[in-house]
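Hi everyone, thanks for having me. I'd like to walk you through one structure today, starting with the whole chain and then stopping at a few residues. Have a look at it first.

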Amino acid sequence: MSPEINLNEKFQARIDAGEKIEPKDWMPEKYRKTHIRQISQHAHSEIVGMLPEGNWITRAPTLKRKVGLLAKVQDEAGHGLYLYSAAETLGISRDELFDQLHTGRAKYSSIFNYPTLSWADIGAIGWLVDGAAIINQVMLTRTSYGPYARAMVRICKEESFHQRQGYEIILGLANGTTEQKEMAQDALNRFWWPSLMMFGPRDEDSPNTEQSVKWKIKRKTNDELRQQFIDITVPQAEFAGLTIPDPDLKWNEERGHYDFGPIDWDEFWKVVKGNGPCNKERLAARVDAWNEGAWVRDAAMGYAEKRRNDETGFSKTA
């Protein structure tokens, strides 16, 4: 038996035993690269996800809504920080991660390439988008890579609050005037199918799912998570008096789950490949923010260097 095969078998045995893999542990190169791809995609999604919501901070209908949305966007920046830090433990630099995003080589969640046309969209993002994220992310608190699993514990607590915040916005609109309820229904109509696409392609079209489940990077498949989200969310829509925009949706007593209509996977792949409604806008905004913030990064690095080289200078400026 070759040393490499032996190492792989020992690694899989640790995974099967439920042990956490830590940064200094031996791991297969594919495991490392898979985690870099997944964690960085997650981090990018948190950062890009600030854009459609940040657009509404100054236009929120009340001071309470403004403060709540501002806090949520701030949380998402923190989530990105946790996740970029976790990715760095796998031997990739923050600058390289950002370069992959800005050049289009790294992906982020397709849902953030859709526009937010009304205040109800902010509610729909919290209710549906963050709701879908929680379904996926609670599972990640038990993922096999230690730094990722630990980062997800705090992220999930905050995302759970975001989901409740969004649903509360939707409930308020659904129980308001006729125009407000129509606004909530319109947001649901536009965000329902993209939210289902957030879980990724069908299992048969997802080449990484089988290995990711074996390594316990993922605990459930894309289709299992999607079904779980539908089963949880449909009763919430009914309670709000809203209609899921799927004529094929119905409860299947035999399966104990909702049956649902076909997803437009052509649209999904179109958005993933950079041709969605807001792909170019989102990426341009991120690149502009990076370039315009260069002076802040330079100042921070200069100050850090001064602290290292001049203890007296640190005491004077502390």
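**A walk through the chain**

Let me begin with one residue, Met-27. Once we skip its neighbours within four places in sequence, Met-27 is in contact with Phe-11, Ile-21, Glu-22, Arg-32, Leu-90 and Tyr-145. You can find Met-27 in the loop between α1 (3–16) and α2. Is Met-27 buried or exposed? Its relative accessible area is 12%, and buried means under 20%, so Met-27 counts as buried. Another thing to look for is Leu-7: 20 residues separate Met-27 and Leu-7 along the chain, and their C-alpha atoms are 8.3 Å apart.

Before I go on, please keep in mind that this is a predicted model.

Okay, let's zoom out. How many helices and strands does the chain have? There are 14 helices and 2 strands. The radius of gyration is 21 Å, and the globule rule gives 20 Å for 318 residues, so the chain is as compact as a globular protein of that length. If you drew a box around the C-alpha atoms along the principal axes, the box would be roughly 65 × 60 × 35 Å.

What about inside and outside? Of the 318 residues, 47% count as buried. The chain exposes about 16,300 Å², and carbon and sulfur atoms supply 55% of that area. Then there are the charges: 42 positive and 46 negative ones, with mean positions 5 Å apart. And here's a number on how the chain meets itself: take the contacts with a separation of 6 or more, and 74% of them are between residues 24 or more positions apart.

Next stop, α5, which covers residues 94–102. Which residues of α5 are buried? They are Leu-97, Phe-98, Gln-100, Leu-101 and His-102. A quick reminder about helices in general: an α-helix has 3.6 residues a turn, so residues three or four places apart point the same way. Back in our chain, the cover over the buried residues of α5 includes α2 (29–48), α4 (63–88) and α12 (279–292). Just after α5 comes Gly-104, with a positive phi of about 85°.

Keep following the chain and you get to the loop between α5 and α6 (119–140), where Asn-113 sits. Asn-113 is buried, at a relative accessible area of 2%. The side chains of Asn-113 and Tyr-108 are joined by a polar contact of 2.6 Å. Beyond the neighbours within four places in sequence, the residues in contact with Asn-113 include Val-271, Gly-276, Pro-277 and Arg-282. Ser-118 is in the loop between α5 and α6 too, and Ser-118 counts as buried with 13% relative accessibility. Its contacts, again without the neighbours within four places, are Trp-56, Met-183 and Arg-190.

Now step into α6. Ile-122 is in this helix, and so is Ile-125. Both are buried: Ile-122 has 4% relative accessibility, and Ile-125 has a relative accessible area of 3%. What do they touch, apart from residues up to four places away in sequence? For Ile-122 the list is Pro-52, Glu-53, Trp-56, Leu-69 and Thr-116. For Ile-125 it is Glu-53, Lys-72, Thr-116, Asp-130 and Phe-191. So you'll find Glu-53 and Thr-116 on both lists. As for distances, the C-alpha atoms of Ile-122 and Gln-165 are 9.7 Å apart, with their positions 43 residues apart in sequence. Ile-125 and Glu-168, also 43 residues apart in sequence, have 12 Å from C-alpha to C-alpha.

Two more stops. Ala-174 belongs to α7, which takes in residues 146–174. Ala-174 is buried at 8% relative accessibility. Which residues does Ala-174 touch, if we leave out those up to four places away in sequence? The answer is Lys-181, Ala-184, Ala-240 and Leu-242. One of these, Ala-184, is 10 residues along the chain from Ala-174, with 6.1 Å between the two C-alpha atoms.

The last one is Lys-216, in the loop between α9 (209–214) and α10 (222–240). Most residues other than glycine have a negative phi. Lys-216 has a positive phi, near 60°. Try finding Lys-216 yourselves when you turn the model around. Thanks for listening!

How values were computed. Residues numbered from 1 in each chain as written. Predicted model: local features only at pLDDT ≥ 70, side-chain atom pairs only at ≥ 80, totals over all residues. Heavy atoms only, no water. Helix = DSSP H or I, 4+ residues; strand = E, 2+ residues; numbered from the N terminus. Rg over C-alpha atoms; globule rule 2.2 N^0.38 Å. Buried < 20%, exposed > 50% of the residue type's maximum accessible area, 1.4 Å probe, protein only. Contact = heavy atoms within 4.5 Å. Areas by Shrake-Rupley, 256 points an atom, 1.4 Å probe, with all protein chains shown as cover. Lys, Arg positive; Asp, Glu negative; His and termini not counted. Charge placed at Lys NZ, Arg CZ, Asp CG, Glu CD. Polar contact = N/O pair within 3.5 Å; in protein donor to acceptor, adjacent residues only side chain to side chain.
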